[in-house]
Amino acid sequence: MRISLARILSAVCLTVSLPAQAPQRALVEKLCEAYAARGFEIDPAKLSIETADDERMTADLDAQQDFFFAPHHFEVTGLMYEAIGAVSDADAMREIAIDGSKATLHAYFHYPRNALVFLDNELSDFVGIEPIVAHELGHAWRHVARDMSKLAAKSDRTSDDAKTLQCLLEGEAELISMDLLFSRQGRALAEIQPYELDNALTGVAHPAVTLPYEVGRKFMHARFVDKGWDAVHRALEQRPTSSEQVLHPTKLGRDQPTALDLPAWTPLDAPLEPIATDVIGECAILTMLLVKKCRVLDAKLAASGWDGDRLVLYRWGDDEWLIGWRTLWDREADAAQFAAALHGIRGEVRTEGRTVDWAWASRDDFEEEFLQLLAGRATPAADEADAASTTAVEAAIERSARPATLEDGIFVHTGHGVRFSVPAGWTLQEVNGEQSVMAPPADGFRDNINTRRLPRRGLDIDGVLAENRTFFESSDRFELHSIEKVHRGEADAVHVEWGGKLNGRDLRFFVLILLTDDSQVIVTATTLEKHVEARREATEATLASARLIE
């Protein structure tokens with residue numbers, strides 16, 4: 001279940017298994033032994049360990065889609081993504097989803113064969129694959145202990161239910177693997193701080209792809225802290241009623257979705273039956289807004305306050321079609337936020353009170369006719385408790401957005417607790433949900449400065465220096481140019497300069513690591529190797545100016 005719209009495979013597979021290489025089998029056996037010691041029994045002798053070439057993987061990923069999704073899913077999603085300009089051919093949506101998975105896939109678990117499948121390429125034994133295999137073995141444990149096919153039988157096959165199940169499955173596997181990987185650092189899972197859960201073990205760039213992992217990880221970790229592993233596993237067997245409750249656990253068991261029915265539409269002489277109906281849900285809405293390239297904060301705020309929706313798809317006659325969607329929101333302000341986020345979508349959008357209606361069709365008059373059918377249609381009374389919970393959720397979203405500012409040449413990141421001066425002409429931009437300082441483009445690259453906040457893990461400044469020195473001196477991929485202790489204000493820090501080839505580019509990294517009571521605050525300036533001498537003075541001035549803030 002590695003980075004896809006659905007990583008579990010269907011019960012039918014027509015491809016032939018290939019034997020795994022010895023290093024892959026050894027890694028699986030080592031991890032299974034470690035899991036057994038932590039109470040997660042997986043017998044490697046009963047686990048088929050395989051490799052797959054591109055053709056085999058494509059067939060597997062094509063087959064897997066039917067575990068989560070109803071037959072109409074990709075047609076509906078394709079039209080919605082075409083409407084926002086994310087794809088040019090809605091009919092190719094299933095193929096696009098498979099290709100997107102293949103781009104980041106290194107290994108996956110296939111439950112019908114009880115198989116862990118590695119890719120038959122150079123990535124199958126790369127240095128970072130152990131966390132990936134640990135995650136996939138979390139799915140293997142789930143199938144052996146609970147039988148994954150039973151989860152699909154409980155699904156109502158809407159997009160919202162599919163996203164809910166996906167978040168929970170990925171969250172459980174993430175938590176099982178995190179328990180093992182953090183234990184190697186001498187850390188208990190219950191002691192992990194919420195901000196640490198933002199640092200995905202999945203290692204994928206785009207928030208729209210990582211969303212089920214990040215949402216599921218946080219939801220399941222909260223269940224674990226509350227009532228242990230039983231609560232984690234029970235969350236899958238007694239699922240929340242909507243993805244909204246997974247995204248916002250304070251709504252769990254309280255803010256129930258409102259079921260919506262749309263009236264019969266009669267573009268012909270008799271009512272026309274839709275070929276598909278669906279409930280999209282908050283998680284899929286958030287994903288769509290991220291794909292639409294809304295800012296992460298704006299997308300989260302626009303998707304929150306969801307109270308229910310219903311989508312219909314009609315096709316008839318000589319290539320006539322219409323997709324219509326009504327969404328209901330907790331407050332009128334939530335409806336207005338969502339309508340604003342849809343700006344630029346093809347078709348027509350209408351807002352009335354707490355509802356937002358959208359229609360896109362083969363002819364403009366069909367859109368108008370359908371929206372008129374919905375206009376003035378009664379909606380349930382607003383629930384004051386739901387509205388209050390959404391107010392609290394949005395306040396928490398804004399607090400956790402980790403706002404960063406760049407004013408008068410000074411960058412301040414209140415979430416990471418650091419400030420520093422910035423070279424003239426550099427600008428603040430959001431990159432994958434985080435604020436980074438970017439240089440003007442040069443040679444097809446933008447030199448940049450970013451910040452991170454990671455656990456201190458009990459290290460003092462000498463321990464940080466020794467750990468980094470050991471890592472770089474033992475690496476055959478990266479070159480350590482310098483490492484030393486420095487002072488920044490009243491704080492000791494470690495300054496590191498190193499270089500290497502990443503993503504096909506020769507890069508140089510200037511790093512400053514500052515310690516707080518519980519964290520390492522890391523400032524990293526990245527530049528092309530050919531820019532180093534021109535950038536060095538300004539870069540060193542930036543790192544010299546860095547200070548911790550409350």
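I count a residue as buried when its relative accessible area is under 20% and as exposed when that area is over 50%, with partly exposed in between. The model I am reading is a predicted one.

**Entry 1: helix α14**

With those cut-offs in mind, I looked up α14 and noted that Glu384, Ala385 and Arg399 are exposed on one side of the helix, while on the other side I found a list of buried residues, namely Asp386, Ala387, Ser389, Thr390, Val393, Glu394 and Ile397. Looking down the axis of α14, I saw that the buried residues fall within an arc of 160°, so they line one face of the helix.

What do the buried residues of α14 pack against? I traced their contacts to α11 (296-303), β6 (306-316) and α12 (332-341).

I then checked the length of α14, which runs over residues 384-399: its 16 residues should span 22 Å at 1.5 Å a residue, and because the C-alpha atoms at its ends are 23 Å apart, the two values agree. At the start of the helix I also noted Asp383, which has a side-chain oxygen within 2.8 Å of the backbone nitrogen of Ala385.

**Entry 2: strand β6 and its partners**

Since β6 is among the elements that α14 packs against, I turned to this strand next and found it mostly covered, with nine of its 11 residues buried. I recorded that β6 pairs with β5 in the antiparallel sense over three bridges, and that Ala276 and Leu313 are bridge partners.

With β7, too, β6 pairs in the antiparallel sense, here over 10 bridges, and Trp306 has Trp329 as its bridge partner. The two strands form a hairpin with three residues between them, and in the turn I noted Gly317, whose phi is positive at about 60°.

**Entry 3: salt bridges**

How many salt bridges does the structure hold? I found 35 of them, and I followed several by residue.

I began with Lys251 and Asp330, whose side chains meet in a salt bridge at 3.6 Å from N to O. Lys251 lies in the loop between α9 (243-247) and β5 (276-278), whereas Asp330 lies in the loop between β7 (320-329) and α12, so this pair ties together parts that are 79 residues apart in sequence. Are these two residues buried or exposed? I read a relative accessible area of 1% for Lys251, which is therefore buried, and 3% for Asp330, so that residue is buried as well.

Next I looked up Asp443 and Lys530, which form a salt bridge with their closest N and O atoms 3.8 Å apart. Asp443 sits in the loop between β14 (434-438) and β15 (448-455) and Lys530 in the loop between β19 (519-528) and α16 (532-545), so I noted a link between distant parts of the chain, 87 residues apart. Asp443 counts as partly exposed because its relative accessibility is 48%, and Lys530 counts as exposed because its value is 62%.

In the salt bridge of Asp462 with Lys485, I found the closest N and O atoms to be 2.8 Å apart. Asp462 belongs to helix α15 (residues 461-473) and Lys485 to strand β16 (residues 478-488), 23 residues apart. Asp462, at 41% relative accessibility, counts as partly exposed, and Lys485, at 43%, also counts as partly exposed.

Last, I wrote down a network of salt bridges that links Glu497, Arg508, Glu529, Glu533 and Arg536.

Conventions. Residues numbered from 1 in each chain as written. Predicted model: local features only at pLDDT ≥ 70, side-chain atom pairs only at ≥ 80, totals over all residues. Heavy atoms only, no water. Helix = DSSP H or I, 4+ residues; strand = E, 2+ residues; numbered from the N terminus. Expected span 1.5 Å × (residues − 1). Buried < 20%, exposed > 50% of the residue type's maximum accessible area, 1.4 Å probe, protein only. Arc of directions from axis to C-beta. Contact = heavy atoms within 4.5 Å. Polar contact = N/O pair within 3.5 Å; in protein donor to acceptor, adjacent residues only side chain to side chain. Salt bridge = Lys/Arg side-chain N within 4 Å of Asp/Glu carboxyl O. Pairing = 2+ DSSP bridges.
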